[in-house]
Amino acid sequence: MKLPFQYGKLAEGLSFVNRVKEKQMLKNNLSAGINTMLISPRRLGKSSLVKVAMTELVKEQSDIKTCFIDAFSIKSEDEFYQSFALAVIKAVNSKWEMWISTAKKYLAAFSPKISIGADPMTDFSIGLERRVIKENELELLNLPERIAQAKNIKIVVCIDEFQNLAKLKEFDSLEQKMRSVWQHQQNVTYCLYGSKRHMMMDIFSSPSKPFYRFGQTMFLSKIAENEWVNYLVSTFEATGKRISEAHALELVQMVDAHSWYVQQLAFFVWNIAEKEVNADILRQAIEQVVETNLPLYQNECDTLTASQLNLLKAISDNEQSLTSVETMNRYNMGTPQNVSKNKKMLQNRDIIEKTRDGLVFLDPVFKRWFTHVYAG
């Protein structure tokens, strides 16, 4: 029997929950040629949203092709160009034989080294010499436009964890070249999404940066509690088990409607329950979730200084005036300068984020564990 709840992989099919409004907006934007920047914390489902939206868009409009690039592991500018070219070549054809002919046709001037493994569909690569890349960077960035014009199609280029490119030492130059080429393309649209809000905002919202006003920015919020409740109740029922709306709501609230954790907690609850979910099963399941993620939480705290941990304690206790003398003394946080520096560091590491309600933990289960172990 296929397990009804999934985490750690893209949510598709029945595992994809709601997002009707966001999905339609994304499809409308990209089909209309509006570059879109999608921003949300990690594991809230943006990659799944983009994949599902693009799968639907391709089915609805046969002249649109989509390609996906994951920038998370890209370590150099050369590697980016290689990944970019390969993704575009593969996107416009469904057979590996066509990948080869397309690469030879549109990359002939670059003398590509084409490699094919035992399984061409997964072991196919295009190698470009560093010297050739440096001499043809703008042409490589314009590759999707050249192919789209020749084939009379439109291409949507989706780059996940786009902010990771900002870590490259060549990014300032790469950023300018990307914008200078991409802004003139008529048949290619870009969906650039990432989980580091402060980095994404710096790239796309700073007037001094090349990508300023490159397109529309979308912020992905959490799925509404009632949508989760409906999903949980119906999914349990479809597998011959039962969870009441009240217990489903409690499950969602235990993890603050965080997509990854709702799926993970529901997975453990479903495994434990023989027929019907009760409060004791919920308690057992959340303990399993904490235990499963415990090494990550411990490692996170082991890398923090005492003053940073103390700042997290204050945030966990919902302290609002973090730089007041009383609060700084009570939590031994040092000077206002120390507090400011530590806040920035914790935000940069995606441990906390600033909201209208103040500073909050990004990871609700980490907060649950941290509060039990460190705070109070």
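In this predicted model, helix 1, spanning residues 20-31, packs against helix 2, spanning residues 46-60, at an angle of about 55°, and their axes lie 9 Å apart. Angles of 35 to 65 degrees are neither roughly parallel nor roughly perpendicular, and helix 1 and helix 2 are therefore oblique to each other. The crossing that helix 1 makes with helix 2 is right-handed. On the side of helix 1 the contact is made by E22, K23, L26, K27, L30 and S31, which meet L49, V50, V52, A53, M54, E56, L57 and E60 of helix 2. By character, the residues of this contact comprise 8 nonpolar, 1 polar and 5 charged.

The elements that pair or pack are set out below.

| Elements | Residues | Arrangement |
|---|---|---|
| Helix 1 and helix 2 | 20-31 and 46-60 | about 55°, axes 9 Å apart |
| Strand 8 and strand 9 | 352-355 and 358-361 | antiparallel, 4 bridges |

Strand 8 and strand 9 are joined by a hairpin through 2 residues, and the two strands pair in the antiparallel sense over 4 bridges. K354 has L359, in strand 9, as its bridge partner.

A further site is centred on F211, which belongs to the loop between helix 9 (197-205) and strand 7 (216-219). Burial requires a relative accessible area under 20%, and F211, at 0%, is therefore buried. Leaving aside residues up to four places away in sequence, F211 touches F162, E175, M178, R179, W182, L192, I203 and F204. Of these partners, E175 is 36 residues from F211 along the chain, while the C-alpha atoms of the two are separated by 7.5 Å.

How values were computed
Residues numbered from 1 in each chain as written. Predicted model: local features only at pLDDT ≥ 70, side-chain atom pairs only at ≥ 80, totals over all residues. Heavy atoms only, no water. Pairing = 2+ DSSP bridges. Axes fitted to C-alpha atoms, helices over the stretch in contact; angles between N-to-C directions. Parallel < 35°, antiparallel > 145°, perpendicular 65-115°, else oblique. Left-handed = near helix turned anticlockwise from the far one by under 90°. Contact = heavy atoms within 4.5 Å. Nonpolar A, V, L, I, M, F, W, Y, C, P; charged D, E, K, R; others polar. Buried < 20%, exposed > 50% of the residue type's maximum accessible area, 1.4 Å probe, protein only.
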